[in-house]
Amino acid sequence: MDIRRAQNILGYTFMSVFAVFIGLYPLRFIGLSYSDGLLGSKPDALLNSTLYLTGFYMHIFLGGLALLTGFTQFFPKLRRKRLNLHRTLGKIYLIAVFLSGTAGLFIAYYATGGWITAIGFAALAVLWLYTTANAYATIRNGLIDAHQKWMIRSYALCFAAVSLRIYLPLFIAGFGMEFIDAYKIIAWLCWVPNILIAEFLIVRKLPKIA
Ligand code: HEM
């Protein structure tokens, strides 16, 4: 087996395992009291706001759905042999991103940690919506290559949900940082390297000139 193929198998396995694991993670919020988890750190005024709670739950459950549907779109066999399934899952991903991303932008304003985390998450939300809208626009115009590139960018940003949940315990338990200090860094670190890796993967796949 050549190195490129081994790298691809490793990459797909890593992506699929984490996508399923973190994609199902929002289910833990079902029946969880407001005093537990992230909501426990929010002021009462926010926890009494139907608008905020609707945005929060819409964001986490549809974000999970985006993670769960998105990774399947990269399997070449699924695209070749089950094009209709690829299209259906693609539409579900698109709607999930649109709703979860819009809600994510809204709840970013109230993020724990103040303006540094708020701007980090808001920038992520805007870029997630932008790259996904481009993925949709390009496929509607039959531009398959461009569509693949925008989907790589969109899903790399979606994967911020995975990165965040890997870095957070690492920074707190591993490096002994306070939650709030780690959170401010990770609101940015969870997505900036991801989009750079996406650009690297896109460039690596481009045909070489001469
Ligand atoms: C990629 C764009 C995303 C943005 C901009 C975003 C933004 C946010 C924001 C602002 C919060 C609230 C943070 C706070 O109040 O301190 C949050 C929490 C949360 N998000 Fe996202 N998120 C994104 C993707 C996802 C995805 C794909 C999932 C799917 C698992 C997800 C699941 C969650 C969960 C479960 C929480 C609750 C916090 C926790 O207990 O970990 N997010 N997100």
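Visitor: What makes a helix a contributor to the shell around the ligand in this predicted model, and which helices supply at least two residues of the shell?
Guide: The model is predicted, and in it helix 1 (3-23), helix 3 (50-70), helix 5 (83-108), helix 6 (115-140), helix 7 (144-158) and helix 8 (160-174) each supply at least two residues of that shell. Helix 3 gives the most, with six residues.

Visitor: How do you know which residues surround the ligand, and which are the closest?
Guide: A residue counts if its C-beta atom, placed from the backbone, lies within 6 Å of the ligand, and 27 residues surround the ligand, the closest being Gly63, Gly104, Thr112, Ala125 and Ala161.

Visitor: How many residues of the shell are nonpolar, polar or charged?
Guide: The shell has 19 nonpolar and eight polar residues, with no charged residues; glycine is counted as polar.

Visitor: Which residues of the largest nonpolar core touch the most other members?
Guide: Of its 38 residues, Ala66, Leu124, Leu157, Cys158, Phe159, Ala160 and Ala161 do. Helix 7 provides the largest share of this core, seven residues.

Visitor: What does alanine 66 touch, leaving aside residues up to four places away in sequence?
Guide: With contact taken as C-beta atoms within 7 Å, alanine 66 touches Tyr93, Ala96, Val97, Ser100 and Cys158.

Visitor: Where is confidence lowest, and where is it highest?
Guide: On a scale from 0 to 100, the protein averages a pLDDT of 94, and 97% of the residues score at least 70. Confidence is lowest in helix 4 (residues 76-81), at a mean of 89, and highest in helix 6, at 98.

Technical notes. Residues numbered from 1 in each chain as written. Predicted model: local features only at pLDDT ≥ 70, side-chain atom pairs only at ≥ 80, totals over all residues. Helix = DSSP H or I, 4+ residues; strand = E, 2+ residues; numbered from the N terminus. pLDDT = per-residue confidence, 0-100. Core = buried A, V, L, I, M, F, W, Y, C linked by C-beta atoms within 7 Å. Buried ≥ 20, exposed ≤ 12 C-beta atoms within 10 Å, placed from the backbone. Contact = placed C-beta atoms within 7 Å.
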